[in-house]
Amino acid sequence: MFDLFANPRPIERVGSDTRAAPRPAAKAPRAMLEAVDYAIAAGAVLATAMVSEVLHQLMDLHWPAIVFLGTVVGVGILLGTRPALLSAVLSAALYSMHLTLSHPDDMKIEAEDYVTLVAFVLVAVVTGSLAGRAREAAMSARARADQVEALFASSRALLTADQEHDVYARLSD
């Protein structure tokens with residue numbers, strides 16, 4: 001074994017070389033990613049409306065609001081709060097429009113429509129925020145796990161080194 005303190009010399013900065021660090025890959029602008037999320041949310045609502053209409057035609061079922069609520073929950077989990085809010089508003093609007101078109105003699109907006117909209121919005125906010133917090137917690141836990149793995153690998157390399165130059169070589173890797 002060797003003594004780290006026997007011959008003190010300045011420790012070089014790990015990974016210090018004159019070569020330029022590689023540039024990270026270009027990321028899509030945030031606004032573009034948000035626009036894609038909103039488009040996906042709107043598409044999910046339209047797909048739900050089409051499925052509901054097919055079920056209505058095949059089984060003579062009225063459009064169930066719970067199907068749209070499932071879409072709002074799914075969008076909230078996968079895409080977050082803002083796209084879920086868009087899907088909630090679009091779902092409530094399409095649901096109300098379908099009720100109005102299917103019952104043309106009763107063209108007024110009912111209190112039930114407002115309750116449906118409020119329920120959709122509440123579900124969108126709660127689901128989106130909970131999913132966002134869970135995603136952030138998972139990312140943070142993964143970053144901490146990566147740091148612990150790196151520290152463990154470094155300490156193992158230091159413990160198994162036989163020569164001083166082996167320590168410096170392993171630290172620079």
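# Briefing: an all-helix pattern, one pocket and one salt bridge

V123 is found in helix α4. This helix belongs to a predicted model. The protein chain has five helices and zero strands. A search of the whole structure finds one salt bridge, and the largest pocket has a volume of about 310 Å³.

**The chain as a whole**

- Along the sequence, the pattern of the protein chain reads α-α-α-α-α.
- The protein chain has 173 residues, and 21% of them count as buried.
- The accessible surface of the protein chain is about 12,700 Å². Carbon and sulfur atoms account for 66% of that surface.
- Take the contacts between residues at least 6 apart in sequence: 71% of them join residues at least 24 apart.

**V123, in helix α4**

- V123 counts as partly exposed, because its relative accessibility is 24% and buried means under 20%.
- Leaving aside neighbours within four places in sequence, V123 is in contact with L69, V72, V73 and G128.
- V123 and A84 are 39 residues apart along the chain. Their C-alpha atoms are separated by 8.6 Å.

**G132, also in helix α4**

- Helix α4 also holds G132.
- G132 has 17% relative accessibility, so it counts as buried.
- In sequence, G132 and G80 are 52 residues apart. In space, they are 6.1 Å apart, C-alpha to C-alpha.
- G80 also appears in the lining of the largest pocket.

**S87, in helix α3**

- S87 lies in helix α3.
- Is S87 buried or exposed? S87 counts as buried, because its relative accessibility is 0%.
- Which residues does S87 touch, leaving aside its neighbours within four places in sequence? S87 is in contact with A41, V45, V72 and V75.
- V72 is a contact of S87, and V72 is a contact of V123 as well.

**The largest pocket**

- Rolling a probe the size of a water molecule over the atoms shows where empty space is left.
- The residues that line the largest pocket are R30, L33, E34, D37, Y38, L79, G80, T81, R82 and P83.
- Which elements give two or more residues to this lining? They are α1, residues 30–59, and α3, residues 81–102.
- Helix α1 gives the largest share of the lining, five residues.
- By class, the lining has four nonpolar, two polar and four charged residues.
- Helix α3, which contributes to the lining, is also the helix of S87.

**The salt bridge**

- Side chains of opposite charge can pair when their charged atoms come close.
- Which side chains meet in a salt bridge? Those of D146 and R142 do, at 2.9 Å from N to O.
- D146 and R142 sit four residues apart in helix α4, which spans residues 111–160. They are therefore separated by about one helical turn.
- D146 counts as partly exposed, because its relative accessibility is 36%.
- R142 is partly exposed too, with a relative accessible area of 47%.

**Helix α4 in review**

- V123 is found in helix α4, and so is G132.
- The salt-bridge partners D146 and R142 are in helix α4 as well.
- In helix α4, G132 counts as buried, whereas V123 counts as partly exposed.

Terms used:
Residues numbered from 1 in each chain as written. Predicted model: local features only at pLDDT ≥ 70, side-chain atom pairs only at ≥ 80, totals over all residues. Heavy atoms only, no water. 1 Å grid on protein atoms, 1.4 Å probe; cavity = no way out; pocket = protein on both sides within 12 Å on 5 of 7 lines; lining within 4 Å. Points joined across faces, edges and corners; volume = space filled by probe spheres on them. Nonpolar A, V, L, I, M, F, W, Y, C, P; charged D, E, K, R; others polar. Salt bridge = Lys/Arg side-chain N within 4 Å of Asp/Glu carboxyl O. Buried < 20%, exposed > 50% of the residue type's maximum accessible area, 1.4 Å probe, protein only. Contact = heavy atoms within 4.5 Å. Areas by Shrake-Rupley, 256 points an atom, 1.4 Å probe, with all protein chains shown as cover.
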